[in-house]
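The following exercises concern the fold and local geometry of one protein chain. Each task is followed by a solution in steps.

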Amino acid sequence: MHAEDLLRRYLEQRRDQGEVELVLDTLSVEDVMQIIGAARRGRADAAPTPPAPGDWRHALRSAGAEVSTATPARRPLEPAPLEAPTAPAALPPDGLVVGTEGNELFGGELAHCQTIDDVAALIKGCRKCDLYRTAKHPVPGEGSAAARLVCVGEAPGASEDETGRPFVGQAGMLLTKILEAIKLSRDEAFIVNVLKHRPPGNRNPLPTEVDACRPYLIRQLEIIRPSVIVAFGTFAAQTLLDTKLSISKLRGAIHRYHGIPVVVTYHPAALLRNPAWKRPTWEDVQLARRLLDGVRK
Ligand code: URA
(Lines give C-alpha, C1' and ligand atoms only; values in the text may rest on other atoms or scores of the structure.)
Protein backbone atom coordinates (compact mmCIF):
# COMPACT_ATOMS: atom_id res chain seq x y z
CA MET A 1 0.00 0.00 0.00
CA HIS A 2 1.16 3.53 -0.77
CA ALA A 3 2.61 5.37 2.21
CA GLU A 4 0.06 8.15 1.81
CA ASP A 5 -2.83 5.66 1.96
CA LEU A 6 -1.30 4.07 5.03
CA LEU A 7 -1.16 7.40 6.73
CA ARG A 8 -4.72 8.31 5.72
CA ARG A 9 -6.01 5.01 7.02
CA TYR A 10 -4.18 5.56 10.30
CA LEU A 11 -5.73 8.99 10.67
CA GLU A 12 -9.22 7.65 9.85
CA GLN A 13 -8.85 5.01 12.52
CA ARG A 14 -7.90 7.61 15.07
CA ARG A 15 -10.87 9.78 14.05
CA ASP A 16 -13.23 6.77 14.28
CA GLN A 17 -11.95 6.29 17.82
CA GLY A 18 -13.28 9.73 18.61
CA GLU A 19 -10.08 11.78 18.38
CA VAL A 20 -10.53 15.27 17.03
CA GLU A 21 -6.90 16.20 17.49
CA LEU A 22 -4.08 13.98 16.35
CA VAL A 23 -2.27 12.49 19.31
CA LEU A 24 1.06 11.29 18.03
CA ASP A 25 1.58 8.55 20.56
CA THR A 26 2.77 5.82 18.25
CA LEU A 27 4.09 8.02 15.46
CA SER A 28 6.44 10.86 16.23
CA VAL A 29 6.16 14.08 14.23
CA GLU A 30 9.39 13.03 12.55
CA ASP A 31 7.84 9.67 11.58
CA VAL A 32 4.88 11.43 10.03
CA MET A 33 7.13 13.87 8.22
CA GLN A 34 9.16 11.02 6.82
CA ILE A 35 6.09 9.17 5.60
CA ILE A 36 4.75 12.30 4.00
CA GLY A 37 8.12 13.15 2.52
CA ALA A 38 8.29 9.69 0.97
CA ALA A 39 4.73 10.03 -0.32
CA ARG A 40 5.46 13.41 -1.84
CA ARG A 41 8.66 12.22 -3.48
CA GLY A 42 6.74 9.30 -4.99
CA ARG A 43 4.07 11.54 -6.51
CA ALA A 44 4.78 13.14 -9.88
CA ASP A 45 2.28 15.95 -9.24
CA ALA A 46 3.49 16.72 -5.75
CA ALA A 47 4.10 20.37 -4.90
CA PRO A 48 7.86 20.98 -4.52
CA THR A 49 7.82 22.98 -1.29
CA PRO A 50 8.29 20.84 1.83
CA PRO A 51 6.28 21.72 4.94
CA ALA A 52 8.01 23.82 7.55
CA PRO A 53 9.72 21.59 10.15
CA GLY A 54 7.31 20.83 12.96
CA ASP A 55 4.25 22.03 11.00
CA TRP A 56 2.56 18.66 11.00
CA ARG A 57 -0.92 20.08 10.31
CA HIS A 58 0.29 21.59 7.05
CA ALA A 59 2.15 18.42 6.18
CA LEU A 60 -0.88 16.22 6.77
CA ARG A 61 -3.13 18.54 4.80
CA SER A 62 -0.84 18.36 1.81
CA ALA A 63 -0.92 14.58 2.14
CA GLY A 64 -4.68 14.78 1.70
CA ALA A 65 -5.81 14.52 5.31
CA GLU A 66 -8.45 16.82 6.71
CA VAL A 67 -6.91 18.70 9.58
CA SER A 68 -8.98 21.19 11.51
CA THR A 69 -7.42 24.44 12.69
CA ALA A 70 -10.21 24.93 15.21
CA THR A 71 -9.48 24.41 18.91
CA PRO A 72 -10.24 20.74 19.50
CA ALA A 73 -13.19 19.71 21.61
CA ARG A 74 -12.27 18.23 24.96
CA ARG A 75 -12.04 14.45 24.84
CA PRO A 76 -14.16 12.59 27.38
CA LEU A 77 -11.18 11.29 29.38
CA GLU A 78 -9.51 14.64 29.85
CA PRO A 79 -9.78 16.04 33.37
CA ALA A 80 -12.15 18.95 33.85
CA PRO A 81 -10.40 22.34 34.00
CA LEU A 82 -9.52 23.49 37.52
CA GLU A 83 -12.07 25.80 39.02
CA ALA A 84 -11.26 28.34 41.70
CA PRO A 85 -12.47 27.03 45.08
CA THR A 86 -15.30 29.02 46.60
CA ALA A 87 -13.77 28.91 50.14
CA PRO A 88 -10.08 28.45 51.07
CA ALA A 89 -9.44 24.74 51.70
CA ALA A 90 -8.10 23.64 55.10
CA LEU A 91 -4.36 22.96 55.12
CA PRO A 92 -3.41 19.29 54.71
CA PRO A 93 -1.98 17.45 57.75
CA ASP A 94 1.71 17.65 58.68
CA GLY A 95 3.99 15.53 56.51
CA LEU A 96 7.49 14.13 56.91
CA VAL A 97 10.17 16.32 58.47
CA VAL A 98 13.73 16.31 57.18
CA GLY A 99 16.35 18.17 59.22
CA THR A 100 15.77 20.61 62.01
CA GLU A 101 14.75 24.24 62.14
CA GLY A 102 18.38 25.11 62.88
CA ASN A 103 18.84 25.01 59.09
CA GLU A 104 22.32 23.52 59.32
CA LEU A 105 22.41 22.90 55.60
CA PHE A 106 21.54 26.45 54.69
CA GLY A 107 24.02 28.62 56.46
CA GLY A 108 23.29 27.80 60.12
CA GLU A 109 25.97 27.67 62.82
CA LEU A 110 27.14 24.21 61.83
CA ALA A 111 27.72 25.21 58.23
CA HIS A 112 30.40 27.62 59.53
CA CYS A 113 32.26 24.89 61.42
CA GLN A 114 35.45 24.14 59.54
CA THR A 115 37.10 21.78 62.03
CA ILE A 116 36.18 18.97 64.36
CA ASP A 117 36.98 21.28 67.26
CA ASP A 118 34.52 23.89 65.93
CA VAL A 119 31.80 21.24 65.97
CA ALA A 120 32.81 20.13 69.48
CA ALA A 121 32.49 23.73 70.68
CA LEU A 122 28.96 23.93 69.34
CA ILE A 123 28.05 20.60 70.92
CA LYS A 124 29.27 21.92 74.26
CA GLY A 125 26.64 24.64 74.21
CA CYS A 126 23.90 22.54 72.59
CA ARG A 127 20.38 23.07 73.97
CA LYS A 128 18.44 21.51 71.09
CA CYS A 129 16.95 18.80 73.28
CA ASP A 130 16.68 18.29 77.04
CA LEU A 131 19.54 15.79 77.44
CA TYR A 132 22.03 18.51 78.41
CA ARG A 133 19.96 19.09 81.57
CA THR A 134 20.65 15.61 82.97
CA ALA A 135 24.05 14.90 81.42
CA LYS A 136 27.28 15.79 83.24
CA HIS A 137 29.40 16.34 80.13
CA PRO A 138 28.87 16.47 76.39
CA VAL A 139 30.68 13.72 74.49
CA PRO A 140 31.43 15.14 71.04
CA GLY A 141 33.73 12.33 69.86
CA GLU A 142 37.49 11.90 69.64
CA GLY A 143 40.30 10.65 67.46
CA SER A 144 42.05 11.81 64.34
CA ALA A 145 40.40 14.50 62.21
CA ALA A 146 42.16 12.80 59.30
CA ALA A 147 40.86 9.34 60.19
CA ARG A 148 40.15 6.93 57.36
CA LEU A 149 37.78 4.98 59.59
CA VAL A 150 34.96 6.48 61.64
CA CYS A 151 33.24 4.32 64.27
CA VAL A 152 29.71 5.44 65.06
CA GLY A 153 28.02 4.31 68.28
CA GLU A 154 24.71 5.11 69.91
CA ALA A 155 25.06 7.46 72.88
CA PRO A 156 27.35 8.05 75.85
CA GLY A 157 26.89 5.80 78.87
CA ALA A 158 27.80 6.53 82.49
CA SER A 159 31.60 6.38 82.05
CA GLU A 160 31.47 8.53 78.93
CA ASP A 161 29.23 11.04 80.68
CA GLU A 162 31.75 11.24 83.54
CA THR A 163 34.76 11.76 81.31
CA GLY A 164 33.35 13.49 78.21
CA ARG A 165 35.04 10.80 76.08
CA PRO A 166 33.31 8.21 73.85
CA PHE A 167 33.53 4.45 74.40
CA VAL A 168 35.67 4.42 77.53
CA GLY A 169 33.55 2.01 79.64
CA GLN A 170 33.39 -1.76 79.27
CA ALA A 171 31.91 -1.60 75.77
CA GLY A 172 34.61 0.91 74.91
CA MET A 173 37.38 -1.46 75.97
CA LEU A 174 35.91 -4.07 73.67
CA LEU A 175 35.76 -1.52 70.85
CA THR A 176 39.45 -0.77 71.38
CA LYS A 177 40.20 -4.50 71.00
CA ILE A 178 38.02 -4.72 67.90
CA LEU A 179 40.01 -1.88 66.36
CA GLU A 180 43.30 -3.52 67.30
CA ALA A 181 42.11 -6.67 65.56
CA ILE A 182 42.06 -4.71 62.31
CA LYS A 183 45.38 -3.04 63.11
CA LEU A 184 44.04 0.36 64.09
CA SER A 185 44.63 2.27 67.29
CA ARG A 186 41.88 4.44 68.74
CA ASP A 187 43.92 7.51 67.83
CA GLU A 188 44.01 6.56 64.17
CA ALA A 189 40.22 6.24 63.98
CA PHE A 190 37.54 8.75 64.91
CA ILE A 191 35.05 7.50 67.50
CA VAL A 192 31.73 9.22 67.79
CA ASN A 193 28.12 8.65 68.84
CA VAL A 194 24.80 9.60 67.30
CA LEU A 195 23.82 11.37 70.53
CA LYS A 196 26.33 13.66 72.16
CA HIS A 197 24.71 13.73 75.61
CA ARG A 198 23.85 10.72 77.75
CA PRO A 199 20.16 9.74 77.87
CA PRO A 200 19.18 9.36 81.55
CA GLY A 201 19.59 5.79 82.81
CA ASN A 202 20.98 4.77 79.40
CA ARG A 203 17.48 4.63 77.95
CA ASN A 204 17.10 4.42 74.18
CA PRO A 205 17.47 7.70 72.31
CA LEU A 206 14.15 9.34 71.42
CA PRO A 207 13.50 10.13 67.76
CA THR A 208 13.39 13.85 68.62
CA GLU A 209 16.82 13.57 70.26
CA VAL A 210 18.25 11.76 67.25
CA ASP A 211 16.80 14.42 64.95
CA ALA A 212 18.25 17.21 67.07
CA CYS A 213 21.70 15.61 67.24
CA ARG A 214 22.01 14.17 63.73
CA PRO A 215 23.32 17.40 62.14
CA TYR A 216 26.45 17.26 64.35
CA LEU A 217 27.24 13.79 63.09
CA ILE A 218 26.60 14.84 59.52
CA ARG A 219 28.98 17.80 59.83
CA GLN A 220 31.63 15.67 61.57
CA LEU A 221 31.53 13.18 58.71
CA GLU A 222 31.63 16.00 56.16
CA ILE A 223 34.75 17.43 57.79
CA ILE A 224 36.56 14.11 58.28
CA ARG A 225 35.49 12.56 54.97
CA PRO A 226 36.54 9.05 56.01
CA SER A 227 37.13 6.16 53.61
CA VAL A 228 34.96 3.80 55.63
CA ILE A 229 32.30 4.13 58.34
CA VAL A 230 31.48 1.32 60.75
CA ALA A 231 28.04 1.66 62.36
CA PHE A 232 27.98 -0.15 65.69
CA GLY A 233 24.44 -1.13 66.66
CA THR A 234 20.93 -0.38 65.56
CA PHE A 235 20.76 3.35 66.29
CA ALA A 236 23.96 4.18 64.46
CA ALA A 237 23.02 2.06 61.47
CA GLN A 238 19.44 3.27 61.26
CA THR A 239 20.41 6.91 61.72
CA LEU A 240 23.16 6.88 59.12
CA LEU A 241 21.23 4.87 56.59
CA ASP A 242 17.86 6.47 57.31
CA THR A 243 16.15 3.12 57.64
CA LYS A 244 14.14 1.08 60.10
CA LEU A 245 15.69 -2.22 58.99
CA SER A 246 17.18 -4.36 61.74
CA ILE A 247 20.87 -5.04 62.23
CA SER A 248 20.44 -8.61 60.99
CA LYS A 249 19.04 -7.28 57.70
CA LEU A 250 21.69 -4.56 57.38
CA ARG A 251 24.77 -6.66 58.16
CA GLY A 252 26.76 -8.28 55.38
CA ALA A 253 26.34 -5.53 52.78
CA ILE A 254 28.38 -2.50 51.82
CA HIS A 255 26.00 0.41 52.24
CA ARG A 256 26.83 3.94 51.15
CA TYR A 257 26.59 7.17 53.05
CA HIS A 258 26.98 9.87 50.43
CA GLY A 259 29.33 7.55 48.60
CA ILE A 260 31.29 6.43 51.68
CA PRO A 261 31.08 2.67 52.32
CA VAL A 262 29.21 1.85 55.53
CA VAL A 263 29.65 -1.50 57.28
CA VAL A 264 27.02 -2.36 59.88
CA THR A 265 27.79 -4.56 62.85
CA TYR A 266 26.70 -5.37 66.39
CA HIS A 267 27.23 -2.88 69.19
CA PRO A 268 30.12 -3.86 71.53
CA ALA A 269 27.71 -3.71 74.48
CA ALA A 270 25.56 -6.32 72.72
CA LEU A 271 28.63 -8.51 72.29
CA LEU A 272 29.22 -8.38 76.02
CA ARG A 273 25.72 -9.75 76.54
CA ASN A 274 25.83 -12.19 73.64
CA PRO A 275 29.32 -13.55 72.88
CA ALA A 276 27.89 -15.56 69.94
CA TRP A 277 27.89 -12.29 68.01
CA LYS A 278 31.66 -11.89 68.32
CA ARG A 279 32.35 -14.04 65.30
CA PRO A 280 30.03 -12.12 62.91
CA THR A 281 31.36 -8.84 64.31
CA TRP A 282 34.87 -10.02 63.57
CA GLU A 283 33.83 -10.77 59.99
CA ASP A 284 32.19 -7.35 59.65
CA VAL A 285 35.26 -5.44 60.80
CA GLN A 286 37.45 -7.54 58.54
CA LEU A 287 35.27 -6.29 55.71
CA ALA A 288 35.93 -2.72 56.89
CA ARG A 289 39.66 -3.52 56.89
CA ARG A 290 39.49 -4.82 53.34
CA LEU A 291 37.68 -1.68 52.24
CA LEU A 292 40.37 0.43 53.93
CA ASP A 293 43.00 -1.60 52.10
CA GLY A 294 41.33 -0.67 48.86
CA VAL A 295 39.69 -4.00 48.08
CA ARG A 296 36.69 -3.26 45.93
CA LYS A 297 33.76 -5.46 45.08
N1 URA B 1 27.87 2.96 73.95
C2 URA B 1 27.86 3.81 72.92
O3 URA B 1 27.10 3.65 71.98
N4 URA B 1 28.71 4.82 72.94
C5 URA B 1 29.54 5.04 73.92
O6 URA B 1 30.26 6.02 73.85
C7 URA B 1 29.54 4.14 74.99
C8 URA B 1 28.70 3.10 74.99
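**Exercise 1. Burial of helix H9**

Identify the buried residues of H9 in this predicted model and state which elements cover them.

Solution.
1. The buried residues of H9 are Ala 236, Ala 237, Gln 238, Thr 239, Leu 240 and Leu 241.
2. With 6 of its 8 residues buried, H9 is mostly covered.
3. The cover comes from several elements: the buried residues of H9 pack against E2, H8, E4, helix H10 (247-250), E5 and E6.
4. As for its placement, H9 (residues 234-241) lies across E2, strand E4 (228-232), E5 and strand E6 (260-265), and runs at about 130° to E4.
5. Just after H9, Asp 242 adopts a positive phi of about 50°.

**Exercise 2. Topology of the sheet**

Determine the strand order of the sheet and which strands stand at its edges.

Solution.
1. The sheet is open and has 6 strands, in the order E1-E3-E2-E4-E6-E5, with mixed pairing.
2. Strand E1 (142-143) and strand E5 (255-257) each have a single partner strand, so they stand at the edges and one side of each lacks a neighbour in the sheet.
3. In the chain as a whole, 12 helices accompany the 6 strands.

**Exercise 3. Strand E3 and its partners**

Describe how E3 pairs with E1 and with E2, and how its side chains are directed.

Solution.
1. E1 and E3 run antiparallel and are joined by 2 bridges. In this pair, Gly 143 has Phe 190 of E3 as its bridge partner.
2. Strand E2 (residues 149-153) and strand E3 (residues 190-193) pair in the parallel sense, over 4 bridges. Here Val 150 has Phe 190 as its bridge partner in E3, while Cys 151 stands opposite Ile 191.
3. In a regular strand, side chains alternate between the two faces of the sheet.
4. In E3, Phe 190 and Val 192 point one way, and Ile 191 and Asn 193 point the other way. All of these residues are buried.

**Exercise 4. Packing of H4 against H8**

Classify the relative orientation of H4 and H8 and describe the residues in contact.

Solution.
1. The axes of helix H4 (residues 116-124) and helix H8 (residues 207-224) come within 9 Å and cross at roughly 170°.
2. Angles over 145 degrees count as roughly antiparallel; H4 and H8 are therefore roughly antiparallel to each other.
3. On the H4 side, the contact involves Ile 116, Val 119, Leu 122 and Ile 123. On the H8 side, these meet Tyr 216, Arg 219, Gln 220, Ile 223 and Ile 224.
4. Sorted by class, the contact of H4 with H8 has 7 nonpolar, 1 polar and 1 charged residues.

**Exercise 5. Backbone angles and exposure in two loops**

Are Lys 183 and Arg 225 buried or exposed, and what phi does each take?

Solution.
1. Most residues other than glycine have a negative phi.
2. Lys 183, which is not a glycine, has a positive phi of about 60°. This residue belongs to the loop between helix H7 (170-181) and E3.
3. The relative accessible area of Lys 183 is 68%, so Lys 183 is exposed.
4. Arg 225 also has a positive phi, near 50°, and lies in the loop between H8 and E4.
5. At 66% relative accessibility, Arg 225 likewise counts as exposed.

**Exercise 6. Two buried residues and their contacts**

Locate His 267 and Arg 289, assign their burial class and list their contacts beyond four places in sequence.

Solution.
1. His 267 is in the loop between E6 and helix H11 (268-273), and Arg 289 is in helix H12 (residues 278-292).
2. Buried means under 20% relative accessible area. His 267, at 16%, therefore counts as buried, and so does Arg 289 at 19%.
3. Apart from neighbours within four places in sequence, His 267 is in contact with Glu 154, Phe 167, Ala 171, Phe 232 and Gly 233.
4. On the same terms, Arg 289 touches Ile 182, Lys 183 and Leu 184.

**Exercise 7. Totals for the chain**

What share of the chain is buried, and how is its exposed surface made up?

Solution.
1. Of the 297 residues, 40% count as buried.
2. The chain exposes about 17,900 Å², of which carbon and sulfur atoms supply 54%.
3. Among contacts with a separation of 6 or more, residues 24 or more positions apart account for 68%.

Note on methods
Residues are numbered from 1 along each chain as its sequence is written. This is a predicted model: local features need pLDDT of at least 70, side-chain atom pairs count only at pLDDT 80 or more; totals for chains, interfaces and linings use all residues. Side-chain values use heavy atoms; hydrogens and water are left out. Buried means under 20% relative accessible area, exposed over 50%, partly exposed in between (1.4 Å probe, protein chains only). Contact means heavy atoms within 4.5 Å. Accessible areas come from the Shrake-Rupley method with a 1.4 Å probe; for residues, only the protein chains shown count as cover. Axes are lines fitted to C-alpha atoms, for helices over the stretch in contact, and angles run from 0 to 180 degrees between N-to-C directions. Angles under 35 degrees count as roughly parallel, over 145 as roughly antiparallel, 65 to 115 as roughly perpendicular and the rest as oblique. Ala, Val, Leu, Ile, Met, Phe, Trp, Tyr, Cys and Pro count as nonpolar, Asp, Glu, Lys and Arg as charged, and the others, Gly among them, as polar. Two strands pair if DSSP finds at least two bridges between them.
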